[in-house]
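This report describes how strands are arranged into sheets and how helices are placed against them. Please keep the sequence and the coordinates in view while reading.

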Amino acid sequence: MTEIRTVAVVGAGRAGLQHARAAELNGVRVVAHASRGVDSERSRAFRREFPESKPFSMDDVSICEQADLVVLSVPPDVTHRVAPGFIRASRRILIEKPAALTTHRIRELVQAERESGCDVVVGYNRRCYPLVAEICDVLRADPPTQVNVAIVEDMSYVRSSKSSDLQSSYLRHGSATHFLDLVQFLVGPFSVREIRASKSQCDESFVDLAIRAFGESGVSINISIDADDRSRRGLEISTVGGCRIHLSPLENLSIAYRPPPKDASATESS
């Protein structure tokens, strides 16, 4: 695999700029970017910060010819629509989560990757958080038996920061996407056995979900998605050895160990 020296960023919004800045900090040149139009306000703002970057329109996959790596960082509904074409046109591509909105589309992306030979990575950056790495170290030595996941969407944030046409696509692919990916990352693949939906008691526009699943190792997984109190967000993991891990949401970690049972013979001797 050749060294990555140049990057093209598809999506000139906040996330796209973050990727471009990170690339520059790591010595990778930002040579091209794409927005809704080559002369859109976001495209001009991107070019002011990265003067060497050549502007492209969003649907112009020829941008892939400009760089060693392409970063696809656009809203979920746009990613769902354009990802197959960018995979086929790229040598390497990083797709910001989620890669698609349906399992059918995911299968198409996998097929496009196989046919094109493109190296595809989906950007679930929270796998790299230091506290997540610490949990991985614990679980390697002490496997999980039970996982409880509380996902809480901040509806006031969604309404204030997302346009009305983006709110519905964001809801099930914001916090939920990251937390569900972390579950799979920590305990391995799992199968959903039951999904129960109910109207939210906190927000009339929200539908709460309760999901029951089981991992391949037999671990039991319970997931709730609602619009209730955000302080409830996080993961709770119980292990074979009696360890209890609580990550809330990604910045606070507690690991409690059950004390070993007392040695009866030692007690009698004393």
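Two strands are taken to pair if DSSP finds at least two bridges between them. The model discussed here is predicted.

## The parallel sheet

An open sheet of 6 strands, with parallel pairing, follows the order β3-β2-β1-β4-β5-β6. The edges are occupied by β3 (54–57) and β6 (119–123), and each of these has a single partner strand, so one side of each is left without a neighbour in the sheet. From one strand to the next, the twist averages 20°.

Within this order, strand β4 (residues 69–72) and strand β5 (residues 92–96) run parallel and are joined by 3 bridges, and Val71 has Leu94 in β5 as its bridge partner. Helix α3 (residues 76–89) lies across β1 (6–10), β4, β5 and β6, and runs at about 170° to β5.

## The mixed sheet

A further open sheet, formed by 7 strands, has mixed pairing and the order β8-β9-β10-β7-β11-β12-β13. Here β8 (190–199) and β13 (253–256) stand at the edges with a single partner strand each, so that one side of each is left without a neighbour in the sheet. The twist in this case averages 10° from one strand to the next.

The pairing of β8 with strand β9 (residues 207–215) is antiparallel and extends over 9 bridges; Val192 has Ala213 as its bridge partner in β9. Helix α5 (residues 130–141) packs on the sheet, where it touches β7 (144–152), β11 (234–239), β12 (244–247) and β13, and the direction of α5 makes about 165° with that of β12.

Conventions
Residues are numbered from 1 along each chain as its sequence is written. This is a predicted model: local features need pLDDT of at least 70, side-chain atom pairs count only at pLDDT 80 or more; totals for chains, interfaces and linings use all residues. Side-chain values use heavy atoms; hydrogens and water are left out. Helices (H or I, at least four residues) and strands (E, at least two) are DSSP runs, numbered from the N terminus. Axes are lines fitted to C-alpha atoms, for helices over the stretch in contact, and angles run from 0 to 180 degrees between N-to-C directions. Contact means heavy atoms within 4.5 Å.
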